[in-house]
Amino acid sequence: MKSYGYVRVSTKEQNEARQLLAMEAFGLTPDAIFVDKQSGKDFNRPQYKKLMHLLGKDDVLVIKSIDRLGRNYDEILDQWRVITKEKQAAVVVLDMPLLDTRQGRDLTGVLIADIVLQLLSYIAQTEREFIRQRQAEGIAAARRNGVRFGPPPKARPAAYGHCLESWRRGEMSARRASESLHISHTTFLRWARQEP
């Protein structure tokens with residue numbers, strides 16, 4: 001029986017120190033802890049895959065909280081089933097003592113763990129959807145208030161007006177106009193469509 005820890009942060013800028021401290025407090029050594037720095041939207045993560053390859057019967061997988069495993073409700077439930085039923089390993093969720101499958105492997109213990117897992121997985125996915133909704137609402141409100149997103153608009157070169165008139169009169173192709181202005185063909189055409 002071996003114990004492994006899994007740590008995940010969503011971006012390279014986020015710090016995994018808090019999760020690592022929790023793993024060490026549990027008694028795990030650094031070589032038994034697998035760390036991924038990427039989104040939890042799916043399970044296509046290199047360290048998680050390596051961990052799943054090593055995880056065997058009666059081993060223990062330790063995570064700080066259920067959302068470190070993932071954020072997609074159906075995939076979390078599927079992974080939980082793979083770990084506890086197919087691999088016959090135990091899962092310990094440090095922030096949720098009810099999700100410790102090392103003990104209480106009787107019918108009642110399994111039932112309670114499964115109910116709590118489903119509830120927490122649902123909450124994790126719902127929170128993710130709320131975050132997306134709030135972001136979309138915030139962006140829409142900012143746009144209504146005149147906030148622009150993305151890079152600032154490119155300034156039109158001094159010769160733009162001359163090239164535009166030549167293009168409109170058919171004296172110059174859009175491609176030739178864009179080359180002489182040192183801009184892309186699509187940028188020239190977009191600018192031209194914006195002109196009155």
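1. A nonpolar surface patch consists here of Val, Leu, Ile, Met, Phe, Trp or Tyr residues with over 30% relative accessible area and no salt bridge, their side chains being joined within 5 Å. In this predicted model, such a patch is formed by Leu 119, Tyr 122 and Ile 123, which together have about 310 Å² of accessible area.

2. Tyr 122 belongs to helix α5. Its relative accessible area is 48%, and Tyr 122 is therefore classed as partly exposed; the exposed class begins over 50%.

3. Confidence should be considered alongside the patch. The protein chain has a mean pLDDT of 85, with 94% of its residues at 70 or more. Helix α5 has the lowest confidence in the chain, at a mean of 78, whereas β3 has the highest, at 95. Where pLDDT is low, predicted coordinates should not be read in detail.

4. Turning to the interior, the largest nonpolar core comprises 23 residues, and Ile 66 and Ile 83 have the most contacts inside it. Two or more residues each are given to this core by β1 (3-9), α2 (46-54), β3 (60-63), α3 (66-69), α4 (73-86), β4 (90-93) and α5 (107-144). Helix α4 supplies the largest share, namely four residues.

5. Which residues does Ile 66 touch, not counting residues up to four places away in sequence? These are Ile 76, Trp 80, Val 93, Leu 117, Leu 120 and Ser 121.

6. Another core, of 11 residues, lies apart from the largest one. Its members include Tyr 160, Leu 164, Met 172 and Ile 183.

Note on methods:
Residues are numbered from 1 along each chain as its sequence is written. This is a predicted model: local features need pLDDT of at least 70, side-chain atom pairs count only at pLDDT 80 or more; totals for chains, interfaces and linings use all residues. Side-chain values use heavy atoms; hydrogens and water are left out. A nonpolar core is a set of buried Ala, Val, Leu, Ile, Met, Phe, Trp, Tyr and Cys residues joined through side-chain atoms within 4.5 Å. Buried means under 20% relative accessible area, exposed over 50%, partly exposed in between (1.4 Å probe, protein chains only). Contact means heavy atoms within 4.5 Å. pLDDT is the predictor's confidence in each residue, from 0 to 100. Patches are made of residues with over 30% relative accessible area and no salt bridge: like charges are joined within 9 Å, nonpolar side chains (Val, Leu, Ile, Met, Phe, Trp, Tyr) within 5 Å. Accessible areas come from the Shrake-Rupley method with a 1.4 Å probe; for residues, only the protein chains shown count as cover. A salt bridge is a side-chain nitrogen of Lys or Arg within 4 Å of a carboxyl oxygen of Asp or Glu.
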